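Hi,

Here is the structure I said I would pass on. Have a look at it first, and my notes follow below.

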Amino acid sequence: MSANYYYDAIDLNIQLDTSSRLPLLSEEQKILNLVINYLALPYSVAEYGCGKKCSMIIHQLFSFGIPSYALKRGMIMEKDLSPFALKQRDFTKRKHALTVENAFYHRADFSNPVLRQMFEENRVTVNVEQNEIHAGNFVLSNQSTLQFVEARSHIFPILTFWDEKNNCARERVVDPTIDAEELFLVTQLRKYLHASESLLFTAPLLGEFELEEKYLTEDQRREFYHFLGRRQYHELSRFEKHELIRTLNGAAKNTIGDPSVWTYANNMAVADQRHHEFQLFNSGLGNPVRELLTNLIREREAWREEAVIRLVSELQLQETRLNLEEVLASDALWSERQLVPLKVVVNLISDHIALEELNERITQGASLQQAISDSRGRGMNRLFGISFRLRERLENLAVVSKNTKGEIDAGALSPLYNHALKLCIQQMERAGLKVFIDQVGNAHGIFVDEQTFTQLQKNPEDIKRIASRALCFGSHIDTVTDGG
């Protein structure tokens, strides 16, 4: 029982369950590959970055045709968020601290003069003594182990699949920051982040973060049921649920461990007050999706097709009612802009590693073509930074061409096209090209000396002769309506 979903813009084919419309479990590796290949994320761990990456991944999965009700946010949080624990900033002295291996560790020498110059040119500050890079609000460290100092939590996307072989639903985490090799179980985050008693929460899109009994540890389960007494969790009021969480983590009111101050996206207020109020206003609106999805899965497991189809219609109506398409696009676009300083650092380091590797290959006698294409030894991995530079330029063109819905919309000679054209000309000039625009509006960048360029200005017809002996590359930067 499967159906193909085709996305013409990037030729996707994600198989969905025919009745529930959940993606099939057999598609999990394909989906991870698509996220990594089509989403421009800086895959590094830094404070304030996880919630933004989560929003971008969710929007990307939604754009692949995955229904909104198959998507959730998850949050893993330190067990002890008492006032005393919050004062302790050294993770070695916190029993339940979340820590993760640093992907940057020994990837780059922060004291390297060439790299330092690249940082300075891009307004990135380096603290060599503390092995830290400061970019915007982000702090990247070259220590082997990182902790979540301020948030004491990590936000991640969850995707619900349909397992045809076992006729049941499966949840998987989509988080290349933590594991770029595969999707994984929600509970595995406790292992990845070295916190066996950490608390796990989930939230449907625009819903509130809540505990799920299936993700409680044995110790947490005892505390959980002690608080409930003879009641059921779903019988608790919103305020009683908040009190339960504060009982489990010891948090004081109005601190990062108090769910009464959380939004649908995070447990910390974002610096952008307008966006924070937007998220705060929408928090809780998606709560009904939780029960609807639970019912959908139950009916699908029982093969009650009519009930499944009815529930899918209700969930789709909920998606329309919440204006989810626009909200997800807004969150992703805002997040993308906020992550620019972090992405700049990641790209600079990758670029530097690639250039050092390329220089070493050429020094050893390889031609430029051989140096770029040789996949032996250390392979192509260390040269990925070269492609990052090109990709960054393409992404910048996409950013300036986006409309208010987050769509790339650079119709020929439109205001957004003119933004893209201006950026393209700036990129050409920084690369040393001489730029001119012909009578029908095409932009040309040519690599010639000053004398030849002066000659062309006097006699534009000479471009035919020069171009006949040149290596030419061409592309368009305008798009059709809703170009993807």
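Let's start with the open sheet: it has five strands in the order β10-β9-β3-β11-β12, and the pairing is antiparallel. The edges are taken by β10 (168–173) and β12 (210–211), each of which has a single partner strand, so one side of each is left without a neighbour in the sheet. Bear in mind as you go through this that the model is predicted.

Inside that sheet, β3 (residues 71–77) and β11 (residues 199–204) run antiparallel and are joined by six bridges. If you want a spot to check the register, take Gly74, whose bridge partner in β11 is Thr202.

On the β10 side, strand β9 (residues 153–163) pairs with β10, again in the antiparallel sense, over six bridges. Here Asp163 is the residue that stands opposite Cys168 in β10. The two strands, β9 and β10, make a hairpin with four residues between them. One of the turn residues, Asn167, has a positive phi of about 50°.

That brings me to backbone angles elsewhere. Most residues other than glycine have a negative phi, so I picked out two more places to look at. Trp303 has a positive phi, near 60°, and sits in the loop between α9 (288–301) and α10 (305–321). Asn323 is positive too, with phi near 55°, and its place is the loop between α10 and α11 (324–338). Is Asn323 buried or exposed? Neither, as it turns out: its relative accessibility is 39%, and because buried means under 20% and exposed over 50%, Asn323 counts as partly exposed.

Now for the chain as a whole. There are 17 helices and 14 strands in it. The C-alpha trace spans about 90 × 60 × 45 Å along its principal axes. The radius of gyration is 26 Å, which agrees with the value near 23 Å that a compact globule of 484 residues would have. Of those 484 residues, 49% count as buried.

As for contacts with a separation of 6 or more, 61% of them are between residues 24 or more positions apart. The accessible surface comes to about 25400 Å², and carbon and sulfur atoms account for 51% of that. Finally, the charges: the chain has 55 positive and 65 negative ones, and their mean positions are 2 Å apart.

Cheers

Note on methods:
Residues are numbered from 1 along each chain as its sequence is written. This is a predicted model: local features need pLDDT of at least 70, side-chain atom pairs count only at pLDDT 80 or more; totals for chains, interfaces and linings use all residues. Side-chain values use heavy atoms; hydrogens and water are left out. Two strands pair if DSSP finds at least two bridges between them. The radius of gyration is taken over C-alpha atoms; the globule rule is 2.2 Å times the number of residues to the power 0.38. Buried means under 20% relative accessible area, exposed over 50%, partly exposed in between (1.4 Å probe, protein chains only). Contact means heavy atoms within 4.5 Å. Accessible areas come from the Shrake-Rupley method with a 1.4 Å probe; for residues, only the protein chains shown count as cover. Lys and Arg count as positive and Asp and Glu as negative; His and the chain ends are not counted. The place of a charge is taken as NZ of Lys, CZ of Arg, CG of Asp or CD of Glu.
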